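Student: I would like a close look at a single part of this model, namely the place where its chains meet. Please take me through it in one connected account.

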Amino acid sequence: MSKLKTSKFGLGLAAGAMALGLSTAGIAGGHTDGFNGIGANITEKAVEPWDISVFYDGTNLPEGSGTVEAGQNPYDAKCAMCHGAFGEGAEGYPKMAADSMPAFIESLKQGLDGVGNRGVNNAWGHAPTLFDMIKRHMPFYAPGTMSVDESYAVTCYVLNLGGIVPMDFTCSDETLADVDMPARDYYVTDTRPDVANERCMSDCYDYEPKVVGAVVTGVSE
Amino acid sequence: MSETTLDQTPQSDAREGVASSDRRKFLRKSVALAASGAAAAAAGNAYADDVKLDTVTEPLEINPTRNILGRGVVSVPYGMPSKFEKNVVRRNVSWLTADTVASISFTPWQDLNGIITPNGLHFERHHAGAVDVDPENHQLVIHGMVDKPMVFSMEDLKRMPSHTAIHFLECPANGAMEWRGVQMDSMQFTHGMMSCSEWTGVKITDLMEYVGVDPKSTWFYAEGADGSALQRSIPMEGAKDQFGEPLPADQCELYKDAMIAYAQNGEALRPENGYPIRFLLPGCEANMSIKWLRRIKFVDKPLVTYQETRHYIEPLPDGTIRQFSLVNETNSVINYPCPDYQMQGKGAYEIRGIAWSGRGKIAHVDVSVDGGKNWQEAELVQPVMSKCVTKFKLPFEWNGDEHLIMSRATDETGYVQPTLMQLRNVRGTNSIYHKNSIQAWKIEKTGEVKNVQIENF
């Protein structure tokens, strides 16, 4: 689009051009009319460097492999400072190996803190997405910098810390989808609303309210 | 006037490392002053039999700004709030996360008086820090089960038919620190993981038509260009979970409101909120509104990403783990009065608050000042829009007694905001996310306002 000059002379010229018969034929009608000529086509081949997402069932796992043993050095060097040498986590950083599935479920039923106790062995449904997370986002301070094989190896090491695969296991695009994750069958898709309050307007209850005050009266305290 | 100004300094100043107990004593002292003086003057004469108004007899001082020249235009090329508003800022909770690059900050709703969150106060949630994406080089790819895989520049997106709407974004962890028990004596920290903006961009349904999405595609996912390359799966008609169970029909329609947003409150998105483009999925947990968006792929099953299997899930007391809890259900809170400020003396107040629902418009907000025994319908302030913050207000006379004040919103689907006890009965206290229960504040006789929970309500 040409830029209109803001001098009187320039504006006059532009107005004159309109009077002389600029086309109004370009005013578009429906929705996708407004897209004509915009953007570029792209081949799936060209998208490949970005198309890294791995599905829960292993679809799109890249070709490669890594053993539990091969994962130890990179894990110790790049992961253990946050997630612990044994996957036990650290202040504010998640555990890799936490309570077993039965113990985790029991803690939920008892209202104990199950959340700080999430690990790959109790709150992760599918091993391929563990690889995806590690390859995509780890190590935390240099995300996405591990090779495919190194990521398989670290995945394998973490799965072993969680007691999910044996020491001699090899994680690869061939094996990962079949790893039996303890939490896999515990997931249930949301069906909220799960509570039904009523819009009571008066005399809604007749007991003494049990009032509990805040324990933190200011964040620095 | 000076007493009043001091009173309005929030308790949260203490959070910034100022010696907190001294500060608090100072505040209390100034409240006592205010109760007998300036604040009573501001409260009006509604309680004439109980509250005496002062009479000002000293001749007024000339304003210190009357005899000087102020700043010239563009002395501040991008305007900033008054220096007297420096306490109105986003804050974080240092012990909540190990590192600020994978953390969250909170919007100071206690200081806001509209439905729009100023861009510099929009809450932040990063998984690998905020990045500076150069719009000249940034591209959006749309591919997968489509007739025409395509790539768009930022200028391409701006040529397309635009869509503008005002929507809230809310982290599903809003209120999470209060699940297990009452904890934060500040409205900023109980409800600040939510912000509301006018968004402009391109509707996903328009783009879908342009690239020709295969009708057999039942999910798509969006992915960011930051270090976390955050990705979330979004269901469409016919979507099934990884067990082959169909998702509820209403969840499969949520995407129809979605857009690729490039503008926030009329200007470009802020880097912390996804500049130059973000996915925007109104009404849903904001983790799905992928920032620094680089790619959308149409597929026929969910990814079940880290975010969907380990992070944004809700372990329930029956031993199941709830997944794909996409919608932020109806919520509301009183932001005046609230624990971040003290009462300013007996007499008239206007209780004000905000309500929002991920399922549509707010239909009613009721307010109780007696702990939920009796309720009165508040006035909704126009405009009332779908998946958008709605303001409400109700006159209130404070006679110096203790009160438990709370708000309860109902949305256009008839869903009534639950009590905390109702939520805990179903979800226990380990589910972290989607806590939308009625929030009670206690007004003490001293004028202090406290965050409380009523365990049997």
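How many residues of chain A are in contact with chain B, and how many of chain B with chain A?

Tutor: In this predicted model, 86 residues of chain A are in contact with 113 residues of chain B, and the two chains bury about 8500 Å² between them, with 56% of that area on carbon and sulfur atoms. On the chain A side, the residues that lose the most area to chain B are Phe35(A), Trp50(A) and Arg192(A), which together account for 10% of what that side buries. Arg192(A) also takes part in a salt bridge, its side chain meeting that of Glu329(B) at 3.6 Å, N to O, and across the whole interface of chain A and chain B the rule finds eleven salt bridges. Counting residue pairs in polar contact, with both residues at pLDDT 80 or more, gives 53 between the chains.

As for secondary structure, the elements that each supply at least two residues to the side of chain A that touches chain B include helix H2 (44-47), helix H6 (127-137) and strand S4 (187-189) of chain A, while H5(A) gives the most, with six residues. By class, this side of chain A has 41 nonpolar, 25 polar and 20 charged residues.

Strand pairing also crosses the interface: three bridges join S4(A) to strand S14 (residues 321-323) of chain B, and these strands run parallel. Within that pairing, Tyr187(A) has Ile321(B) of S14(B) as its bridge partner.

Conventions. Residues numbered from 1 in each chain as written. Chains lettered and ligands numbered in written order. Predicted model: local features only at pLDDT ≥ 70, side-chain atom pairs only at ≥ 80, totals over all residues. Heavy atoms only, no water. Contact = heavy atoms within 4.5 Å. Buried area = accessible area lost by both parts, 1.4 Å probe. Salt bridge = Lys/Arg side-chain N within 4 Å of Asp/Glu carboxyl O. Polar contact = N/O pair within 3.5 Å; in protein donor to acceptor, adjacent residues only side chain to side chain. Helix = DSSP H or I, 4+ residues; strand = E, 2+ residues; numbered from the N terminus. Nonpolar A, V, L, I, M, F, W, Y, C, P; charged D, E, K, R; others polar. Pairing = 2+ DSSP bridges.
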